[in-house]
Amino acid sequence: MAGSGAAATRAGRPRVVVVGAGAAGTLTAIHLLRAATRRATELDIVLVDPADRWARGVAFGTPDETHLLNVPSAGMSALPEDPGHFVAWRGGQERRDDCDPNAFVPRRQFALYLDDTLADARAAAADLVGLRHLRARAEGVRRTSGGCCVVLDDGPPLEADAVVIGTGLPTVGHGWAPEALRRSPFFVPDPWAPGALEVVRRDAQGPADVLVVGTGLTMVDVTLTLTGGASGGTRSGAPAEPRRVHAVSRHARLPRSHVARPRLAAIPDISSWGTTLAEIRQDATRHLAEVKETTGDWRPAVDGLRHRVTALWQRLTEAERLEFLATDAGAWNVLRHRMAPSSRARLDALAAEGRLTLAPAEVLDAEPLPGGGLAVTLSDGTRHDVGWVVNCTGPQSDVRQLGDPLLDDLLRPRAGVSVASIASGGMGFRTDRGRLVDSSGAADLPVWTLGALRRGELWESTAVPEIRTQASDLAHALLDVVAPLPRRLEDGRLVSGHHPVARPRDPLGLPLSTTAEAAAAYNAGLERIMRLQAGGEELIREATVLDRDFAVAHAALAMLGHEAGAEADVRSSLAAAQDAVEHRGDARERSFVDVVARRVADVRRTGAQALMSHVANHPRDVLAVSMAVPTIAFSGVTDVQQEAWDLVEGLAPAYRDHWWYISLLAFTRQDQGRFEEAGLLAESALSCEPSSGHAVHALTHVMYETGQHEAGRAWLDHWVRESGRSASHRAHFSWHAALHELAMGDTEAVRHRYYSQLAPPGVTGVRALVDSASLLWRWQVGTTEWFGSEGPPPPVEGVLEAAGEELVSRPQTPFVGLHAALGLAAAGGGEPLVRLRDHCAASEDPAVRSTVVAVCEALEAWGAGDWARAAETLEDVLPTLVAVGGSQAQREVVEETLLLALVRSGRAEHAVARLHERLDRRPSPLDTRRLDTLGSVPALT
C-alpha cells in the first residue's frame, strides 16, 4: 500500500494537506518534495484520499490495456525540466533504450510511473520531508487561528499550514438521463466506477447490444473494452452473437486522431488578434487554414493554439465565455482531445463490421425488457433494444451541480464569507495564480487548487502538461508562504523570510537596488532579452532614465553594447554603473558591474575568469549567464565545447524548470548530438514561452541535423512570421531556413529569401558576416561551382561592407575570423585575404593563430587554383574546427568547401566517402544529387 511505512508527522514542521491522490494530487506531492529538498526545507505532506493507492484516480486507474494515453509518451513527463523522463522510465521498465517517444501507451503505465516518481522524490528527501497517505474523504476546509484544517468523513479535523485541493471533478454528470433510465439497474451512470464495465462485459442475459451516450474519448475507451478482449467482443455463453455498440450524442462527432509522427506545434502570434469572441473565432479559423495550407495538416495549428488559449480566454467577457461553451467548445474538443491512431483504426474496423454505429440523437425514454435490458427511444425516432446504457458524457462541469461535500463546503458562507468563489460557468474556482479567492475577493487563506478546478479561469487545465506546470509553480508559491527563505534587505541585513520585501526583484527573483518604476522597465527589457526579442535595450535604457543611480541597468547597457552589438555608449554606460554602484548596490550588483568592466578591458582572459566566478556565486543572474553561454546573441566564455556543456549542465539546480534554462539546455543537447532529447526540451520550453528564441534555435538545429528539411522550413517560416516577428536575430533564423532550402536544392527559394530577409541594409554587422556572407559562400561552393548549371549567388561585396571593416579585417574571436575568411574568399580572396591571415597570425588567441590562419591559407590556395593544397589543408583543419566555436551547422561550410576541393584535385573517391557518411547521418537531396554527379566513382574504403 502506498501509505505503508510512511514517516509520522513531526511537531514544528509545516504540514501541507493535499486533498486527492490522483494525478493532480500526486504531481503536487512530487513537486513539493523536490522543491522542499532543493531548498532544505523541512515539511510534512499528507495525501488525503479514500483510494487504496496514490497516483491512480479516474484517468489513470483503469487496468484495461486498451485504454491508451491520448497524447504521445513524450508529452507525459511529470517534470517540465526533463521532458524525456516518462520515456526514459518506460525504457527502464522494458529494459531497453529505444522506447518510441511518439508511442501511445496504456494509461495504467502512467499511474505506475507517477508512483515510482513519487517514491524517488520521497527517497531523495530522506528525513527532511515526511509523506503519508491518509485513507479518508475530505468534506470541508475551515479557517483556524494558525491556518486551516481539513474536515474528514472519519476522524478528527486535520490541522494544516496549507491545503491543496487536487480532486479534479469527482462526479460524472447524468442529468440528461430520463428518470426511468436513471432508476434502471441496466444504466451505468459512471463507467469508471470499480467493476462497472466488467459487469456489462460479462452479462449474457438481455440483448447483446449496448447504447453509449456521448461520443468523446470516454466512449472510445468503453467501446474498446466492450468489443475487445479474448472473446473478440462476444458475450459470455454467446459466441455467435457479437456485441454491437450504438453511440449517440447531439452532434455524433468522434474525437479526431493523432498521426503516428506528429509535426511541431505552429504557435500563432496573437498580439494583433481581436478581443471579442467573434474576432478571436475569425482569427483562429484563419490560423488553422494557413497552417493546413502550409503543412498539409491542421494538427500543428491546433497544438500551437493550445499554448495561446488561456491568454485568449482572458480576453473574453463572462457572457462570451458562456457563449463559447454553448457554441464552440464541442468543436474545439473534437480537434484538441484526440485519440491514439491505433484506437481510431480499431473503431474504423468496428464500424466497417457493423459493430459500431454513431447517430446524432438524445435519449427520450427507456422501458425495461422482460428478459433484462432496456428498450430505449431516441430523438431521431428510432428504438433500440439494448442490454445496457452506459453514460459517457463526462464529468458535470459546473461544480455547483456535483453535490460533492467538499466542494459544496468550500462555497458555503461562514461568517458571511466562503472559502472559494465560482469561476466562469461554474467551471471551478477563482484563484490568484492557483490560490483560492474567497467570496470577498481576498486570497489570504493558504488554500490552493490546480487542474480541472481551474478550468473556469484558464479553460485549458486538464491535461498533464498544464497540471505538472501548475503543480511546480504551486509548490514554490506554497513554500514561500509556509516556509519562506530568509531575505536580505538593502542595507545588507539578513531577516526572516516573513519580513516585508524591501527591494523589487528581477524575473529570476534577484533583488534590484532601484525604484519599483525603474525595476518594472528593466524587467520588461530583461524578459525581451531572455526571449531573444528586439527592444530589450531600449527598455533598460528607460530604466536608467527613471533611476540614474540604477547600477545594474547601466552595466547591462554596457554589456549589451560590448557583447551583442547593441546601440549603446559602452564607456559612458560603464562609467555610470561604476559610479552608481558605489552609492547603492549589494554584493551581487557590485560583482556584475566589475565583470562587465573586466570584459570590456579583456574579454578572453581576466574578463572570462571574472565572469565564471560571478556565475558560480550568482547562477540566477540571467545577464551574466547569457554572456557566459554560447548562443545566437553571445559568443560565450569558452570555445571548448565540453566546458560550455558543463557550464549549462551545472546551472540546473539554480533554474530547475524555468523555460529560459530549458531552452539553453535544449541547445546544449543538440550540440551533443542528443537530438531527440533536445527536441523534447525545446518543445517543453515553448509550451511555457512560445516566443523563446533559444528554444526555437535549438529546434531548428534538431530539424536540420535530422534531415527534416521541408517540415523544418515550413515550421520555421511560420514561427518567424508569427511569434518571431519581434525576434532580435531574425536573420539567423532566416539563415537556418535557407539551409533547409539549400539542402533541398531549391536555390531560387534561397535567392528570394536572401533578397527579402538576408541582404543589406536589412542585415548588418556580425549577422551580415556570419549569416549572409557564409550563406553566399556555401551556395557558391555547394551548388553553383559544383553543378555549373545553377545561377550564381548574389555578390558578396555589399555584405562585407555592411559587416564593417573592423569585423572583416581585424576580427577578435576565432568564430568571426573564420567567417571573415569565407566572406573574403567569396569576394575573390586576394590581398584582403592575405591581410586577414597576417592579422590572425599575430593574435594571442591560439584558435585564431592556428585554425583560422589555416583556413585562410586553404582559401588562398583555392583562389590560386591549387586544389590539392586547399583540400589537404582543409582536411587537416577539420578535426580542430570545433575550437572556433559556433554550431555544427555553421562549421559545416568548411566541409562544403573541402568536398569541392577534393573533386577538383582528382580525389573524387574521398568526396564520395564523405557524402555517403553525411547521408548515413541525415537525408539531404543536395548531397544525393552531388553524389549522382560523381557517377561510378567508388567510395574510399
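## Close-up views of a predicted model

**View 1. Val-150 finds its bridge partner in strand 6: the residue there is Leu-158.** Helices (H or I, at least four residues) and strands (E, at least two) are DSSP runs, numbered from the N terminus. This is a predicted model, where local features need pLDDT of at least 70 and side-chain atom pairs count only at pLDDT 80 or more, while totals for chains, interfaces and linings use all residues. Residues are numbered from 1 along each chain as its sequence is written, and side-chain values use heavy atoms, with hydrogens and water left out. Strand 5 (residues 147-152) and strand 6 run antiparallel and are joined by 3 bridges; two strands count as paired if DSSP finds at least two bridges between them. Zoom out a little and you get an open sheet of 3 strands in the order 4-5-6, with antiparallel pairing. Strand 4 (138-144) and strand 6 (158-160) are the edges, each pairing on one side only. From one strand to the next, the twist averages 25°; axes here are lines fitted to C-alpha atoms (for helices, over the stretch in contact), and angles run from 0 to 180 degrees between N-to-C directions.

**View 2. Another open sheet has 3 antiparallel strands in the order 14-15-16.** At its edges sit strand 14 (363-368) and strand 16 (383-386), and each of them pairs on one side only. Neighbouring strands are turned by 20° against each other on average, direction ignored. Look between strand 15 (residues 374-378) and strand 16 for the 4 bridges that join these antiparallel strands. Thr-377 has Arg-383 in strand 16 as its bridge partner. As a reminder, strands of a sheet pair through backbone hydrogen bonds, either parallel or antiparallel.

**View 3. The largest nonpolar core holds 80 residues.** A nonpolar core is a set of buried Ala, Val, Leu, Ile, Met, Phe, Trp, Tyr and Cys residues joined through side-chain atoms within 4.5 Å. Buried means under 20% relative accessible area, exposed over 50%, and partly exposed in between (1.4 Å probe, protein chains only). The residues with the most contacts inside this core are Tyr-522, Phe-592, Val-596 and Tyr-655. Helix 19 (residues 551-564) supplies its largest share, 9 residues. Leave out residues up to four places away in sequence, and Val-596 touches Ala-555, Ala-558, Met-559, Leu-574 and Met-627; contact means heavy atoms within 4.5 Å. A second, separate core has 68 residues, including Leu-769, Ala-826, Val-848 and Leu-926.

**View 4. Two cysteines are tucked away: Cys-99 and Cys-392 are both buried.** The relative accessible area is 6% for Cys-99, and Cys-392 comes in at 4%. Counting cysteine sulfur pairs within 2.5 Å as disulfides gives a total of 0.

**View 5. A few backbone oddities sit in loops, starting with the cis peptide bond between Pro-760 and Pro-761.** Its omega is about 5°, and Pro-761 lies in the loop between helix 31 (747-758) and helix 32 (765-787). Most residues other than glycine have a negative phi, and most peptide bonds are trans. Ala-40 has a positive phi of about 55° although it isn't a glycine. You'll find Ala-40 in the loop between helix 1 (23-38) and strand 2 (43-48), and at 57% relative accessibility Ala-40 is exposed. Ala-126, another non-glycine, also has a positive phi of about 55°. The loop that holds Ala-126 runs between helix 4 (107-125) and strand 3 (129-134).
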